[in-house]
Amino acid sequence: MNDLFSPIGLGNLTLPNRMVMAPLTRNRAAMPGNVPQAMNVSYYAQRASAGLIISEAAQVSPEGVGYPGTPGIHSQEQVQGWRAVNDTLHAKGGRMFVQLWYCGRISHPDLLPDGQQPVSASAITPAGDAITFEGMKAFVEPRALRTDELPGIVEQYRQAAQCAVEAGFDGVEIHSANGYLLDQFLRDGTNLRDDRYGGSLENRSRLLVEVLSAVLEIWEPAQVGVRISPENSFNDIRDSDPQGTFNFVAKALSGKGLGYLHVVEGEMMSGERSVDYRQIRDNFDSYYMANCSYDKACAQSTIARGDADMVSFGQLFLANPDLVQRFKTNAELNVPDPDTFYGGDKKGYTDYPTLA
Ligand code: PHB
């Protein structure tokens, strides 16, 4: 029977265990330029015993940014920065996929080149505030992308996937979750388009499928994952039928030999769940990576039941660089400090103690 500590093959990789470090935005890239720097090298290297690390979300272009201090994966400086992260991680025996990100309406003109208006599937303003260099500012109305602009967005993902090769990553994860651009197209609360990217499920999934095809021009399919979050309302997003929409998405992503589908299960803040995730798993033809508030016992039983092949842990890996060792030995866990999640220096970043 599989358990959290049994190895699993992923294309040309063998993950030594099924404990994945989930993508975590930490806002500690060097500014200007959004370039990975020395403290980022240490942070990821400390967590090398994870079966797989998914990097913090990395914008595919300057237009894709949505927060201060998040790293990009589009410039030569960023490629060099990530190269240093990956070289050190690999020397410590680890593996990492980069998460490809385009924020869309979850951004602000202050963060975008030439003060541009953020873009989205439709011109629907999210409730809430953007985090800018001058603090919180109300989200503005985004501009609906024209149909003829979408090939350019797809091309940005293709170029970022190429940068990911040059940066020495082991694979890429397409971020199609949590209310960012691809999710803004998938869910019917934010997509009111009447072109071939709106309306039917096939149309709402089209941008994701086209982005995936572009990434597959660069990467072997088993080295590519996709992340979705069917009923997460984070970033003011919703769908009238999350089960139907994401059953369809899971099927649309099948037949391509992908590495995995990474699923944020339930509502991130409240923990509520109404979707039957087994249906999503059954509609997808490769590995299922479960996420959202799993602890060791729950992860073990989920894998033992066959309801997931891997489980990703966010805050637990954030606070416990040696989480694999701690789970193996039932050791006590460090407690994450929310005050140091976003931005700052090494405090709350590279100073969580290991058992040793
Ligand atoms: C965040 O910055 O809080 C954040 C970023 C990406 C996510 C989720 C949350 O997918």
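Select the ligand first: the space it takes is the largest pocket of this predicted model. Display next the residues around the ligand, which are Thr25, Tyr67, Trp101, His175, Asn178, Tyr180, Phe234 and Tyr342.

Three of these side chains merit distance labels. For histidine 175, a side-chain N or O atom is 2.7 Å from an oxygen atom of the ligand. Asparagine 178 likewise places a polar side-chain atom 2.7 Å from a ligand oxygen. For tyrosine 342, the corresponding separation between a polar side-chain atom and an oxygen atom of the ligand is 3.2 Å. A surface representation may be switched on at this point: the ligand taken alone exposes 280 Å², and the protein buries 86% of that.

**Asparagine 235**

Keep the ligand surroundings visible and select asparagine 235, in the loop between β11 (224–228) and α7 (242–252). Is this residue buried or exposed? Its relative accessible area is 12%, and asparagine 235 is therefore classed as buried, the limit being under 20%. Beyond residues up to four places away in sequence, asparagine 235 touches Tyr67, Arg105, Ile106, Pro126, Asn178, Gly179 and Tyr180. Among these contacts, Tyr67, Asn178 and Tyr180 also appear among the residues around the ligand.

Inspect the backbone here as well. Phi of asparagine 235 is near 70°, a positive value in a residue other than glycine. Most residues other than glycine have a negative phi, and most peptide bonds are trans. To follow the chain onward, select valine 249: asparagine 235 and valine 249 are 14 residues apart in sequence, and their C-alpha atoms are 20 Å apart in space.

**Two further backbone stops**

Where is another positive phi to be found in a residue other than glycine? Select asparagine 330, where phi is near 50°. Asparagine 330 belongs to the segment after α11 (323–328). Its relative accessibility is 59%, so asparagine 330 counts as exposed, a class that begins over 50%.

Then move to proline 32, in the loop between β3 (19–21) and α1 (38–46). Display the backbone from methionine 31 to proline 32: this peptide bond is cis, with omega near -5°.

**Threonine 132**

Select strand β7, residues 129–132, and within this strand threonine 132. The relative accessibility of threonine 132 is 4%, which means that the residue counts as buried. Its side chain has two backbone partners to label. One is the backbone nitrogen of glutamate 134, at 3.0 Å; another is the backbone oxygen of glycine 135, at 2.6 Å. With neighbours within four places in sequence left aside, the contacts of threonine 132 are Pro68, His108, Asp110, Leu111 and Lys137.

**Serine 312**

Go next to strand β14, residues 310–313, and select serine 312. Serine 312 is buried because its relative accessible area, 2%, is under 20%. Show asparagine 291 together with serine 312: their side chains make a polar contact at 2.9 Å. Asparagine 291 is also one of the contacts of serine 312 when neighbours within four places in sequence are excluded; the others are Val20, Ala22, His262, Met289 and Ala290.

**Asparagine 320**

Finish at asparagine 320, in the loop between α10 (315–319) and α11. What is the relative accessible area of this residue? The value is 0%, so asparagine 320 is buried. Which residues is asparagine 320 in contact with, leaving aside neighbours within four places in sequence? Select Arg326, Leu333 and Asn334 to display them. For asparagine 334, label the backbone nitrogen, which lies 2.7 Å from a polar atom of the asparagine 320 side chain.

As a last step, draw a line between the C-alpha atoms of asparagine 320 and serine 229. These two residues are 91 residues apart along the chain, and the separation of their C-alpha atoms is 25 Å.

Notes
Residues numbered from 1 in each chain as written. Predicted model: local features only at pLDDT ≥ 70, side-chain atom pairs only at ≥ 80, totals over all residues. Heavy atoms only, no water. Helix = DSSP H or I, 4+ residues; strand = E, 2+ residues; numbered from the N terminus. Buried < 20%, exposed > 50% of the residue type's maximum accessible area, 1.4 Å probe, protein only. Polar contact = N/O pair within 3.5 Å; in protein donor to acceptor, adjacent residues only side chain to side chain. Contact = heavy atoms within 4.5 Å. Near = heavy atom within 4 Å. Areas by Shrake-Rupley, 256 points an atom, 1.4 Å probe, with all protein chains shown as cover. 1 Å grid on protein atoms, 1.4 Å probe; cavity = no way out; pocket = protein on both sides within 12 Å on 5 of 7 lines; lining within 4 Å. Sits in = over half its atoms within 2 Å of the grid points.
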